[in-house]
Amino acid sequence: MENNNIIDIKKIVGDTYNAGIYALTNRNAIRLINRNNEVINNLKVEDKIKIFNIFLDKMINHGIDKELLNIRLLFDNILDLENSNLENSINELFKKVLFLYSKPHIDIKEILSISDLVSNRLNSVSCNNEFVKQELKNRLSYI
């Protein structure tokens, strides 16, 4: 993608020959992922960073787009062997960002207290089963 400025990424639905996810540039469209979810274009690290930036902008402004979620396939493998360490770091960052955005918002302290309750009560006397069930029900309804 030499001398092309990536300005957008789009999923195009069509027949077998032209369907897939494309990177749009000032001059043309370059297919990145085909209809069978296979990465078909090698990218340089700079291109991958541009795509990551566009994906983040779309995610922040519109949420995770189910149509473009397959773009993660680009970040599952190394495409630029010369800069594999840098690209590996970018791939890991992408995965962390996607995980943090998509994980449910749960109170970690409450999860730990439930875990503590279950492990402490079940490891002690088993006659507390009704108490444990009621406490779990109360705390899980809070979450």
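Trainee: What share of the 143 residues in the protein chain do buried residues make up?

Mentor: They come to 29%, where buried means under 20% relative accessible area, exposed over 50%, and partly exposed in between (1.4 Å probe, protein chains only). Keep in mind that this is a predicted model: local features need pLDDT of at least 70, side-chain atom pairs count only at pLDDT 80 or more, and totals for chains, interfaces and linings use all residues. Residues are numbered from 1 along each chain as its sequence is written, and side-chain values use heavy atoms, with hydrogens and water left out.

Trainee: Why does Lys48 count as buried or exposed?

Mentor: Buried, because its relative accessibility is 1%, which falls under the 20% limit. Lys48 sits in helix H1 (helices are DSSP runs of H or I, at least four residues, strands are runs of E, at least two, and both are numbered from the N terminus).

Trainee: And what makes Asn5 partly exposed?

Mentor: Its 38% relative accessibility does, since that value lies between the 20% and 50% limits. Asn5 belongs to the segment before E1. Its C-alpha is 8.6 Å from that of Lys50, though 45 residues separate the two in sequence.

Trainee: Back to Lys48: what does its side chain reach?

Mentor: The backbone oxygen of Asn77, at 3.1 Å. It also makes a polar contact with the side chain of Asn91, at 2.9 Å.

Trainee: How do you know that the Asn91 pair is a polar contact?

Mentor: The 2.9 Å distance fits the rule: a pair of N or O atoms within 3.5 Å, where, within protein, one must be able to donate a hydrogen and the other to accept it, and residues adjacent in sequence count only if both atoms are side-chain atoms.

Trainee: Why are H1 and H2 called roughly parallel?

Mentor: Helix H1 (residues 45–62) and helix H2 (residues 84–102) pack at about 10°, with axes 10 Å apart. Axes are lines fitted to C-alpha atoms, for helices over the stretch in contact, and angles run from 0 to 180 degrees between N-to-C directions. Under 35 degrees counts as roughly parallel, over 145 as roughly antiparallel, 65 to 115 as roughly perpendicular and the rest as oblique, and H1 and H2 are therefore roughly parallel.

Trainee: Which residues make that contact?

Mentor: Among them are Lys48, Phe52 and Phe55 of H1, and Ile90, Asn91 and Phe94 of H2. Contact means heavy atoms within 4.5 Å. The contact residues split into 13 nonpolar, 1 polar and 2 charged; Ala, Val, Leu, Ile, Met, Phe, Trp, Tyr, Cys and Pro count as nonpolar, Asp, Glu, Lys and Arg as charged, and the others, Gly among them, as polar.

Trainee: What makes E2 and E3 a pair of strands?

Mentor: Strands pair if DSSP finds at least two bridges between them. E2 (residues 20–25) and E3 (residues 29–34) have 5, in the antiparallel sense, so the condition is met. Ala23, for one, has Ile30 of E3 as its bridge partner. The two strands form a hairpin with 3 residues between them.

Trainee: Which are the edge strands of the open sheet, and why?

Mentor: The order is E1-E2-E3, with antiparallel pairing. E1 (6–12) and E3 are the edges: each pairs on one side only. E1 and E2 pair over 6 bridges, and in E2 the partner of Lys11 is Ile21. H1 packs on this sheet and touches E1 and E3, its direction making about 70° with that of E1.
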